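Biologist: Mind walking me through this one? I'd like the reasoning behind each label as we go.

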Amino acid sequence: MAAKETTPEQQGFVYGALLLGWLIPGAGHFLTRHWIRGLILFASITAMFALGLAANGHLYAPNTHNVIEFLAFFGDLGAGGLFIVSKLLGFGNTVVSVVSADYGTMFAVVAGLLNIIAAVDAHNLSIGRKS
């Protein structure tokens, strides 16, 4: 019996879809030619993040003194370019003082977590682990 040789579908840098998908929501799926899925992910993640900021949501900064805020920062950071641009423009620096701001904060965190899942999915599509 001859052992079956497996060859990777893509040669070279295999993390392109992962990094691009993290930086721009849905872009990893565009790279793997899953246009509809990429468009749905871009629209939903961007809308969730924008609605979170519109509701006066807070974007976290790395805080090593509070574990919950540190984990929320990684959730926000998962939104990639949306988070980076928002922080550079000064959005999300509000103090949570109304109930809607708390919901807005969670919208931004969940948008980041969803973007991480989508980027990993795009990576799995690009390496052929998933079709």
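**Talking through the labels**

Modeller: Sure, and keep in mind that this is a predicted model. Let's start with histidine 29, which sits in helix α2.

Biologist: Why is histidine 29 called buried?

Modeller: Buried means under 20% relative accessible area. Histidine 29 has 1% relative accessibility, so it counts as buried.

Biologist: Which residues does histidine 29 touch, leaving aside those up to four places away in sequence?

Modeller: His34, Arg37, Gly38 and Leu41 are on the list, along with Ala118, Asp121, Ala122 and Leu125. A contact here needs heavy atoms within 4.5 Å.

Biologist: What about arginine 33, where does it lie?

Modeller: Arginine 33 is in the loop between α2 (27-31) and α3 (35-54).

Biologist: Is arginine 33 buried or exposed, and how do you know?

Modeller: The cut-off for exposed is over 50%. Arginine 33 has a relative accessible area of 65%, so it is exposed.

Biologist: What makes the phi of arginine 33 worth a remark?

Modeller: Its sign: arginine 33 has a positive phi of about 65°, and it isn't a glycine. Most residues other than glycine have a negative phi.

Biologist: Which other loop residue should I look at?

Modeller: Try asparagine 56, in the loop between α3 and α4 (67-77). Phi of asparagine 56 is positive too, near 65°, and again the residue is not a glycine.

Biologist: Why is asparagine 56 called partly exposed?

Modeller: Partly exposed runs between the two cut-offs, under 20% for buried and over 50% for exposed. Asparagine 56 has 40% relative accessibility, so it counts as partly exposed.

Biologist: Zooming out, how many helices and strands does the chain have?

Modeller: There are 6 helices and 0 strands, so to speak an α-α-α-α-α-α run from the N terminus on. Along its principal axes, the C-alpha trace spans about 70 × 35 × 25 Å.

Biologist: How much of the chain counts as buried?

Modeller: Of its 131 residues, 33% do. The accessible surface of the chain comes to about 8,200 Å², with 70% of that belonging to carbon and sulfur atoms.

Biologist: What share of the contacts with a separation of 6 or more comes from residues 24 or more positions apart?

Modeller: Those pairs account for 70% of such contacts in the chain.

Biologist: And how far apart are the mean positions of the positive and negative charges?

Modeller: They are 10 Å apart, taking the 6 positive and 6 negative charges of the chain.

How values were computed
Residues are numbered from 1 along each chain as its sequence is written. This is a predicted model: local features need pLDDT of at least 70, side-chain atom pairs count only at pLDDT 80 or more; totals for chains, interfaces and linings use all residues. Side-chain values use heavy atoms; hydrogens and water are left out. Helices (H or I, at least four residues) and strands (E, at least two) are DSSP runs, numbered from the N terminus. Buried means under 20% relative accessible area, exposed over 50%, partly exposed in between (1.4 Å probe, protein chains only). Accessible areas come from the Shrake-Rupley method with a 1.4 Å probe; for residues, only the protein chains shown count as cover. Lys and Arg count as positive and Asp and Glu as negative; His and the chain ends are not counted. The place of a charge is taken as NZ of Lys, CZ of Arg, CG of Asp or CD of Glu.
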